[in-house]
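Reader: Please show me the structure, and let us then discuss selected residues in turn.

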Amino acid sequence: DGSDPRADGGIVHGVKYTNSLVIEKSSVIKARFLSKNFGTWSALAEQHVVFDEVVGKEVVINEIMYNPVTDFPEFIEIVNTGENPVALDGFVFSKGIDFSFQSGNTLFPGDGLVLTNDTALFRNTYGFSAFGQFGKQLNNGGETLILKNRFDQTVDSVSYSDTIPWPAEP
């Protein structure tokens, strides 16, 4: 679970594994090893195990406000369209905007969250708080946004534009 297995006095705190582990889905494995001979702990070892499925593929970029009128903020909304919660730990927008999700953020089924370029302006304009503030402005002429998970898999991407064949209405 990512917690430190060391306790005071060198005893094991948490789950002690002495046999093989069966990994059934993409995971991040974090472990320390306790030396029987010296009673010391190893440095933290971390291994990403990635299977074919894309972890978090249910999270989609749902809405983009990229060229707002004066005194309105830019924003991006993402939504979990799946039936299970998705831990956003390590998710990052790798193209388009600068934003990384920290540990402990979960997006539940049917829920969404909004990222903006100006959290104060967003709250004043829309009457609720955005989840977070991204760096780098969205390109008003269009660009590609890419959302990746902690395994560097592309979860969703979208390209937008303000030229033909992009519809004028959006």
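Author: The following exchange concerns two asparagines and a nonpolar core. This is a predicted model, in which local features need pLDDT of at least 70, side-chain atom pairs count only at pLDDT 80 or more, and totals for chains, interfaces and linings use all residues. Residues are numbered from 1 along each chain as its sequence is written, and side-chain values use heavy atoms, leaving out hydrogens and water.

Reader: Is Asn 149 buried or exposed?

Author: Buried means under 20% relative accessible area, exposed over 50%, and partly exposed in between (1.4 Å probe, protein chains only). Because the relative accessible area of Asn 149 is 3%, this residue is buried.

Reader: Which backbone oxygen does the side chain of Asn 149 reach?

Author: A polar atom of the Asn 149 side chain lies 2.8 Å from the backbone nitrogen of Phe 151. At 2.8 Å, the side chain also reaches the backbone oxygen of Val 55.

Reader: What relative accessibility does Asn 117 have?

Author: The side chain of Asn 117 makes a polar contact of 3.4 Å with that of Gln 137; such a contact is a pair of N or O atoms within 3.5 Å, and within protein one must be able to donate a hydrogen and the other to accept it, while residues adjacent in sequence count only if both atoms are side-chain atoms. Asn 117 counts as buried because its relative accessibility is 17%.

Reader: How many residues has the largest nonpolar core?

Author: A nonpolar core is a set of buried Ala, Val, Leu, Ile, Met, Phe, Trp, Tyr and Cys residues joined through side-chain atoms within 4.5 Å. Ile 78, Phe 93, Ile 97 and Phe 101 have the most contacts inside the largest one, and its residues number 21.

Technical notes. Helices (H or I, at least four residues) and strands (E, at least two) are DSSP runs, numbered from the N terminus.
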